[in-house]
Amino acid sequence: MAPARPGIALRLDAALVPVLAIATALVAGGAILWAAGPQLEGPWLGLQFVAVAYLSLLEGAVGSRDAVIDTVLRAVPYAFSGLAVMLAFRGGLFNIGAEGQLTIGALFAAWAGFGLDLPAVIHLPVVLATGCLAGAVWGGVAGLLKARTGAHEVITTIMLNYIASQLAAYLLNGPLRDRSPLNVIAQTPKIAEGARLPDLVPGMHAGVLLVVAVAVVTWFVVWRTTTGFELRMVGANPDGAAYAGVGVVRRMTWALGASGLLAGLAGAVQVAGVNYRSTLGFNVGYGFDSIAIALLGRNTVSGVLLSSVLFAALRTGATKLQFRTQVSADIISVIQALVLLLVAAEQIVRWLYRLQAARAVAPAGDDEGREVAPVTIGSAETARTSK
Amino acid sequence: MKSRRELIMALGAIPVLAACGGEAAPPAKAEPTKAPAAAAPAAPAPTTAPAPTTAPAPTAVPAKVFKVGLVTDVGKVDDKSFNESAWNGAKAGAAAIKGESKYVETQNPNDYKKNIQQFISEKYDIIVTVGFLLGEATIEAAKANPTIKFIGVDQFQGAVVENLAGLIFEEDKAGFMVGALAALFSKSGKVGAVLATDVVPPVWRFGEGFRAGAKYAKATTDIQIVYHSTVGPEKTFSDPEWGKATALSMIDKGVDVVFGAGGNTGNGALYGVADRKDKGVVAIGVDTDQWNTVPEAKAVLLSSGMKIIDLGVSDIIKAASEGKFKGGNITGKVGLAPFHDLDSKVDAAIKTKLEDIRKQLDAGTLKTEVKPAKG
């Protein structure tokens with residue numbers, strides 16, 4: 001244990017590709033903006049237009065107190081579910097099910113929020129715990145299936161997403177629906193006052209602190225405990241881990257369960273801090289975006305937090321960008337997709353900037369900065385093509 | 001490099017071509033929705049529309065111009081029906097009073113409030129919010145900003161807020177008319193409707209109006225009505241694949257008149273019918289005269305159950321500029337669109353019967369018996 005701390009240079013290297021990918025995507029996005037914008041005379045006006053667009057994006061994301069709060073709040077669910085996906089990745093598992101786990105977490109947290117009558121002190125913790133538990137069960141099912149029957153978690157978690165969204169449709173149109181005569185939307189009643197997250201500063205709920213706490217705990221568990229060590233062993237080499245006496249089956253179930261727990265918490269915090277209820281369709285791809293966030297963050301805690309903020313800022317600033325330029329906000333989705341494409345296919349970035357091939361193996365005992373599963377595939381290809 | 005520049009130019013040219021490639025019908029002609037994904041970012045480009053109001057971003061705004069902002073529901077200002085119609089109204093209204101207009105498209109149902117706030121903080125004079133689901137956010141914003149006028153399209157006002165006009169429509173009547181038309185026109189005696197979610201009352205009224213009208217016109221008609229209710233608000237109006245698949249399965253079961261209603265989901269149904277053109281099936285559109293807006297379906301489009309949204313919106317904007325704005329509910333006009341290409345296929349007897357139904361509905365001697373919302 002007690003690995004050497006990774007040096008600054010090493011960290012910079014790990015951050016280089018994502019940063020270059022983001023920069024490249026912004027340039028390419030600028031070209032698309034230019035093309036999508038009004039017909040302008042000459043390149044100078046075109047450049048000006050793109051500059052205005054990006055400045056609007058920046059202003060919309062961080063240009064005022066409200067904008068900053070909006071960005072931070074939007075980053076919260078991304079961060080929780082990004083950590084969820086990261087955790088599973090570290091165990092060598094692809095959790096595509098954060099979407100469903102988040103939905104289920106929100107659903108049951110909302111139920112605990114309006115259905116239970118508890119004193120305020122314990123109501124909020126109960127709501128959050130219910131969300132966690134529901135998410136953990138949803139993720140754990142996939143883990144159990146994987147461990148007991150070998151069913152691939154990518155398939156099972158995708159299928160569980162469908163089940164989750166249909167279950168939500170049923171419950172929100174049926175048993176959990178707000179029956180007040182004015183309500184015509186498939187949603188639960190609002191949760192009790194005592195079950196809501198208090199404001200940290202006006203307009204920003206305390207879930208932000210929770211993110212920080214959960215990030216620290218996650219980091220500690222994954223990199224500083226025996227459980228985490230075994231998890232990473234299983235992720236790096238399941239056969240080796242089994243040979244070393246690690247209960248691979250148990251660890252896999254644990255990993256997907258814990259991953260589901262974090263995703264469920266993402267849903268519960270949205271309910272307790274933002275919407276105060278669960279509404280059909282409120283979960284607009286947080287779970288899917290979180291896969292991207294974990295990848296962009298190279299499956300490190302700090303990386304996940306940073307990419308959550310980036311994604312949130314892009315989404316928050318999109319309104320201002322659209323307002324100023326009258327270009328579809330879909331452009332933002334395109335830029336996000338470009339970032340991901342370039343991170344996932346890092347070979348493109350390395351080729352564009354003539355970077356050296358990725359280090360094949362990280363120093364023993366340290367993998368904070370090392371990539372797992374999908375990115376290692378990229379590295380393997382790097383090794384092959386650079387021969 | 002060179003090829004990249006060409007690509008950019010090609011992308012940029014799309015909206016222009018689309019804008020000059022059509023009849024002289026509605027403002028803001030959009031290109032077909034089936035544009036390849038690569039061209040999607042270029043699609044909306046409202047700046048090429050005839051309205052002189054949407055100045056590109058960098059230009060300075062002259063002092064005291066009436067400013068009209070529009071927030072769509074999860075949908076696009078070029079959706080060829082609901083949002084587009086409202087946006088055309090906002091543009092026309094702003095143009096008539098020499099004001100300017102801008103829009104923000106909602107991408108995420110959690111953002112209604114934020115998108116409205118965008119216009120409030122830019123000190124807009126009139127804010128149009130489009131769609132039933134924005135109702136709550138609009139009322140909240142109107143109460144907090146009494147000096148700004150709000151227009152809520154499809155938003156029934158339970159209590160009057162002085163600076164908020166709810167532009168509502170009797171969709172049940174429009175639905176009744178198209179239902180009657182469908183039943184009278186159908187050869188197989190089977191008609192169908194493909195709709196967005198029934199929790200949105202205007203959609204429900206269209207669907208149930210259709211049912212009532214078809215039954216009234218020909219009691220033996222087999223009526224199939226499918227709502228897209230098991231998905232959330234972010235999906236229900238923007239799922240053309242579902243709309244198309246549903247329409248196709250109806251056609252395969254013998255339905256020969258399909259009514260598609262609900263943004264792009266409804267458009268999907270029209271595309272489905274267009275795919276089965278050779279089978280002699282026809283489609284009925286919604287909200288606007290979709291013969292103008294969905295060129296793919298021209299040959300099969302029998303008519304459209306129209307809500308004259310653009311006129312309603314622009315009238316309220318004009319009234320507001322003259323200081324005659326009134327809060328509460330304002331009922332807009334509904335009607336049947338012309339038969340266009342299929343005019344010769346519609347018997348004179350059917351036309352007479354429809355005219356008769358319209359008169360009776362207007363006079364109130366015939367009731368659709370549709371509840372305002374799903375109970």
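In this predicted model, helix H3 (residues 65–90) and helix H11 (residues 286–296) of chain A bring their axes within 8 Å and cross at roughly 60°. H3(A) and H11(A) are therefore oblique to each other, oblique being whatever is left once angles under 35 degrees (roughly parallel), over 145 (roughly antiparallel) and 65 to 115 (roughly perpendicular) are taken out. The crossing is right-handed, meaning the near helix is turned clockwise from the far one by less than a right angle.

Who touches whom? On H3(A), the contact residues include A:Pro77, A:Tyr78 and A:Phe89, and on H11(A) they include A:Tyr286, A:Ile291 and A:Ala294; contact here needs C-beta atoms, placed from the backbone, within 7 Å. The residues of this contact split into 10 nonpolar, four polar and one charged.

Next, H10 of chain A: its 28 residues (248–275) reach 39 Å from first C-alpha to last, close to the 40 Å expected at 1.5 Å a residue. Of those 28 residues, 24 are buried, so H10(A) is largely enclosed by the rest of the structure. Buried takes 20 or more other C-beta atoms within 10 Å, exposed 12 or fewer, and partly exposed is in between.

Now some positive phi values:

| Residue | Phi | Place |
|---|---|---|
| A:Tyr276 | about 60° | just after H10(A) |
| B:Asp154 | near 70° | loop between strands S4 (149–153) and S5 (164–168) of chain B |
| B:Glu369 | near 60° | segment after helix H12 (348–363) of chain B |

B:Asp154 is buried, with 26 other C-beta atoms within 10 Å, whereas B:Glu369, with 11 such neighbours, counts as exposed.

Residues are numbered from 1 along each chain as its sequence is written, and chains are lettered from A in the order in which they are written. As the model is predicted, local features need pLDDT of at least 70 and side-chain atom pairs count only at pLDDT 80 or more, while totals for chains, interfaces and linings use all residues.

Definitions and conventions. Helices (H or I, at least four residues) and strands (E, at least two) are DSSP runs, numbered from the N terminus. The expected span of a helix is 1.5 Å times one less than its number of residues. Axes are lines fitted to C-alpha atoms, for helices over the stretch in contact, and angles run from 0 to 180 degrees between N-to-C directions. Two residues are in contact if their C-beta atoms, placed from the backbone, lie within 7 Å. Ala, Val, Leu, Ile, Met, Phe, Trp, Tyr, Cys and Pro count as nonpolar, Asp, Glu, Lys and Arg as charged, and the others, Gly among them, as polar.
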